[in-house]
Amino acid sequence: MAAVEQYIHLAKALPLRLQRFLARYPPASILPAGADPETSKTAYQELTPNPFSPQKHPVTGKWHDPVFSLRRQAELVKLAREHGVEELLPKTVKGTEYQIAHRVEHGLRVKGTGVGQSVKGHAYERASIAKMEKRRDAMLKMPDLMREWKKRPFEPDTMSASTSNPTHYEVLDVSPSLLGSSQDQEPQLLKRAYHRALLRHHPDKAAAEGARRAGETYQKPPASALYTVDQITTAYTTLSDPKARREYDIALRQSSADTQAPGQEDESFRTGFDIVDLDDLEFDEAAERWYMSCRCGNERGFQFGEEVLDEREREVFVGCQDCSLWIKVQYEVAP
């Protein structure tokens with residue numbers, strides 16, 4: 001009688017979760033003396049004798065998952081171990097006895113590391129050995145690599161002034177005459193030129209090209225591959241804005257005039273300009289200004305006054321007020 005009271009007192013000291021589990025699935029060791037384990041089963045034990053293992057349905061023959069998942073089994077085992085009643089639980093793969101037997105049979109294993117390794121480790125730890133070997137090989141090959149580079153001829157940078165300081169038209173590989181002749185298609189032309197320049201001069205593409213030529217005789221990269229992404233973006237931003245483009249054309253023309261000999265023209269930039277005579281332009285007597293219509297639709301796109309006429313030059317360049325087109329007006333000075 002004292003032993004029964006001791007068991008009752010011990011059962012009341014267990015956590016409520018363990019009490020509820022042992023009430024549903026009581027082990028044979030705590031049944032009253034002389035009780036038949038087969039006839040003393042609870043309703044839960046009639047359905048699933050071991051709630052920790054899969055059960056085969058008696059009618060359909062299909063296997064069903066355990067009543068308690070592996071996580072819940074581990075929690076119950078931990079509670080029972082803390083209170084010293086783990087032996088009262090059904091057999092489970094999370095039990096201490098099974099874990100010890102499995103470790104004795106298979107050793108301490110961690111998935112992905114092989115037999116006997118206790119720590120999987122971080123990615124950099126697993127790759128550190130191969131990385132150090134690669135670094136060691138590179139250091140051993142460094143003297144031979146330096147001797148090979150010393151044998152290669154030195155080629156000084158002989159870029160022209162236009163390449164070292166390219167214009168926006170050169171960066172995008174478009175001509176002012178092409179843009180001026182296609183007023184309606186200028187945005188599409190500039191966008192295609194912008195994307196083409198990015199693909200041609202992108203650093204990743206240049207690196208891939210260098211890797212392809214690895215092992216071949218050293219070749220100096222072409223001048224067309226020297227434009228940066230910032231240069232390409234700046235060129236596209238300037239040329240796609242009509243106002244900024246007009247200001248840039250004026251500055252470019254002034255810079256070209258300052259660096260040229262007297263009487264010499266920058267044919268690469270002025271090719272495609274319409275050349276007209278001053279007598280062919282209309283004259284507004286009230287405003288005292290000459291004017292001419294432009295292809296963009298402005299009836300007075302080109303207009304200027306007498307203040308821009310120079311007796312020595314005998315020609316003047318005039319830009320449209322609404323687009324980027326320019327004309328060259330020639331005139332004669334009266335004696």
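Helices (H or I, at least four residues) and strands (E, at least two) are DSSP runs, numbered from the N terminus. The legends below describe a predicted model.

**Figure 1. Overview of the predicted protein model.** The secondary structure comprises 14 helices and 10 strands. Of the 335 residues in the protein, 25% are buried. Among contacts between residues at least 6 apart in sequence, 45% join residues that are at least 24 apart.

**Figure 2. Helix α4 and the glycine that follows it.** Helix α4 covers residues 70–82. At 1.5 Å a residue, its 13 residues should span 18 Å, and the end C-alpha atoms are indeed 18 Å apart, so the expected and modelled spans agree. Four residues of this helix are buried, namely Q73, L76, V77 and A80. These residues cover an arc of only 100° around the axis, and therefore lie on the same side of α4. Helix α2 (16–24) is included in what covers the buried residues of α4. The face turned away from the buried side carries the exposed residues R71, K78 and E82. Just after α4, G84 adopts a positive phi of about 75°.

**Figure 3. Surroundings of R72 in helix α4.** R72 has a relative accessible area of 31% and is therefore partly exposed, a class that lies between the cut-offs of 20% and 50%. When residues up to four places away in sequence are not counted, R72 touches R17 and V67. R72 and K94 are separated by 22 residues in sequence and by 9.8 Å in space, C-alpha to C-alpha.

**Figure 4. Helix α12 and its buried side.** Helix α12 is formed by residues 229–240. Its 12 residues should span 16 Å at 1.5 Å a residue, which agrees with the 16 Å between its end C-alpha atoms. I232, A235, T238 and L239 are the buried residues of α12. The arc they cover around the axis is only 135°, which means that they are on the same side of α12.

**Figure 5. The open sheet of three strands.** The strand order is β5-β10-β9, and the pairing is mixed. Strands β5 (274–277) and β9 (315–319) stand at the edges; each has a single partner strand, so one side of each is left without a neighbour in the sheet. On average, neighbouring strands of this sheet are turned by 30° against each other, direction ignored. Strand β10 (residues 326–330) pairs with β9 in the antiparallel sense over five bridges. V316 stands opposite V329 of β10.

**Figure 6. I275 in the edge strand β5.** Is I275 buried or exposed? I275 is exposed, because its relative accessibility of 54% is over the 50% cut-off. Leaving aside neighbours within four places in sequence, I275 is in contact with K328 and Q330. I275 and K328 lie 53 residues apart in sequence, and the distance between their C-alpha atoms is 4.8 Å.

**Figure 7. Antiparallel pairing of strands β6, β7 and β8.** Strands β6 (residues 282–284) and β7 (residues 289–292) run antiparallel and are joined by three bridges. D284 has R289 in β7 as its bridge partner. The two strands form a hairpin with four residues between them, and E288 in the turn has a positive phi of about 55°. Strand β7 also pairs with β8 in the antiparallel sense, over four bridges. In this pairing, M292 stands opposite F302 of β8.

**Figure 8. The largest nonpolar core and a second core.** The largest nonpolar core has 15 residues, and F302, F304, V318 and V329 have the most contacts inside it. Strands β8 (302–305), β9 and β10 each supply at least two residues of this core. With neighbours within four places in sequence set aside, the contacts of F302 include W290, Y291 and M292, as well as V318, L325, W326 and I327. A second, separate core of 14 residues includes Y169, L172, V174 and A235. A235 is also one of the buried residues of α12. In soluble globular proteins, nonpolar side chains tend to be buried together.

Key
Residues numbered from 1 in each chain as written. Predicted model: local features only at pLDDT ≥ 70, side-chain atom pairs only at ≥ 80, totals over all residues. Heavy atoms only, no water. Pairing = 2+ DSSP bridges. Axes fitted to C-alpha atoms, helices over the stretch in contact; angles between N-to-C directions. Expected span 1.5 Å × (residues − 1). Buried < 20%, exposed > 50% of the residue type's maximum accessible area, 1.4 Å probe, protein only. Arc of directions from axis to C-beta. Contact = heavy atoms within 4.5 Å. Core = buried A, V, L, I, M, F, W, Y, C linked by side-chain atoms within 4.5 Å.
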